[in-house]
Structure formats: structure tokens, C-alpha cells
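Here's a short set of exercises on a predicted model, each with a worked solution. Have a go before you read on.

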Amino acid sequence: MVLNRVTYRRRLSYNTKSNKVHLCKTPGGKLVYHYSTKKTQVSKCGDCKRALRGIPAVRPAKLATLSKRVKTVSRIYGGTKCSGCVRARIVRAFLIEEQKIVAKVLKAQASKAKINLLGFKFQI
């Protein structure tokens, strides 16, 4: 009769999130616990919360060892915002600037018309 009682191999003796194990049979026929790593989360866009492409989904400790070129994308806001959100920000900024220019031109035209109107009245 084979004894199938298996114990943890590390010091932590509680069934916590960081101590997940699964049974594995060795080539010698022994049952042992193999520790499983936590699932990784994909980096997400700060605006729309969609997954960022081109950035690896790794645990934070592994992320610290990776080089900068692996962790980012060669673009403004690369690694924090997706391309669609960056495009929307650029277009929004451009349109706001255009709107300011149009408002300034309209204001100048209105003041010019007012001056012309007043000047016409003084001539009478």
C-alpha cells in the first residue's frame, strides 16, 4: 500500500494565494507538490482600459528585470495609453486650438465692424 500523504516543500504552511500547488508524480513514482506561479495581468490603457499590445504580461519582479525597450512602445504615451486614445487626444488638442483661432478671428471681425459702424455715425 502506497502512502499518498504530501506535504508542502516550503516554510509557508497555509493555503494562501502565493502558496498554490498542484500534485505531480515524479519518474520514481513519488507524489510531490509543484508550486504554481500567479497568473499575470496584461497592461491596460489608462483611458479605455483595453489591453495594450506589444507589452509583455509578466509578474512585477520580472518586469523590473526587463529592459525599457521591451516595456514600452516607441510612441508618445507608449506603454500607458493605446494608439486609439493617443490619436483621439491629438485630434482633440488640434481642434481646441483651431476653435481658439476661429474665436479670435471672429472677435477681431466683430470689433472691426463695430469701429466701422461708429466711424460711420460720426461722419453724419
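**Exercise 1: the strand pair**

Strand 1 (residues 21–25) and strand 2 (residues 31–35) pair in the antiparallel sense, over five bridges. Work out which residues of strand 2 partner Leu-23 and Cys-24, and say what sits in the turn.

*Solution.* Start with the ground rules. The model is predicted, so local features need pLDDT of at least 70 and side-chain atom pairs count only at pLDDT 80 or more, while totals for chains, interfaces and linings use all residues. Numbering starts from 1 along each chain as its sequence is written, and side-chain values use heavy atoms, with hydrogens and water left out.

Next, the terms: strands (E, at least two residues) and helices (H or I, at least four) are DSSP runs, numbered from the N terminus, and two strands pair if DSSP finds at least two bridges between them.

Now read off the partners. Leu-23 is bridged to Tyr-33 in strand 2, and Cys-24 has Val-32 as its bridge partner there. As for the turn, the two strands form a hairpin with five residues between them. Gly-29 in that turn has a positive phi of about 95 degrees.

**Exercise 2: the overall build**

List the order of the elements, then decide whether the chain is a compact globule or more spread out.

*Solution.* Count first: there are three helices and two strands. From the N terminus on, they run β-β-α-α-α. The radius of gyration is 32 Å, well over the 14 Å that the globule rule gives for 124 residues, so the protein is more spread out than a compact globule. That radius is taken over C-alpha atoms, and the rule is 2.2 Å times the number of residues to the power 0.38.

Then check the extents: along its principal axes the C-alpha trace spans about 120 × 30 × 20 Å. Buried residues (under 20% relative accessible area, with exposed over 50% and partly exposed in between; 1.4 Å probe, protein chains only) make up 10% of the 124 residues. Finally, take contacts (heavy atoms within 4.5 Å) between residues at least 6 apart in sequence: 29% of them join residues at least 24 apart.

**Exercise 3: Asn-19**

Is Asn-19 buried or exposed, and what does its side chain reach?

*Solution.* Find the residue: Asn-19 lies in the segment before strand 1. Its relative accessible area is 1%, so Asn-19 is buried. Next, follow the side chain, which reaches the backbone oxygen of Leu-12 at 3.0 Å. That's a polar contact: a pair of N or O atoms within 3.5 Å, where, within protein, one must be able to donate a hydrogen and the other to accept it, and residues adjacent in sequence count only if both atoms are side-chain atoms. To finish, leave aside neighbours within four places in sequence, and Asn-19 is in contact with Tyr-8, Leu-12, Ser-13, Tyr-14 and Tyr-35.

**Exercise 4: the cysteines**

How many disulfides does the model have, and what does Cys-48 touch?

*Solution.* Set the criterion: a pair of cysteine sulfur atoms within 2.5 Å is a disulfide. By this rule the count comes to zero. Cys-82 is in no disulfide, and the nearest cysteine sulfur, that of Cys-85, is 3.5 Å away. Cys-82 counts as buried at 11% relative accessibility.

Cys-48 sits in the loop between strand 2 and helix 1 and is partly exposed at 29% relative accessible area. Not counting residues up to four places away in sequence, Cys-48 touches Cys-82 and Cys-85. The C-alpha atoms of Cys-48 and Lys-81 are separated by 8.4 Å, with the two residues 33 apart along the chain.

**Exercise 5: positive phi**

Where do Lys-49 and Tyr-77 lie?

*Solution.* Lys-49 is in the loop between strand 2 and helix 1 (60–65). Its phi is near 65 degrees, a positive value in a residue other than glycine, and Lys-49 is exposed at 54% relative accessible area. Tyr-77 belongs to the loop between helix 2 (68–71) and helix 3 (83–123). Tyr-77 has a positive phi of about 60 degrees, although it isn't a glycine, and at 39% relative accessibility it counts as partly exposed.
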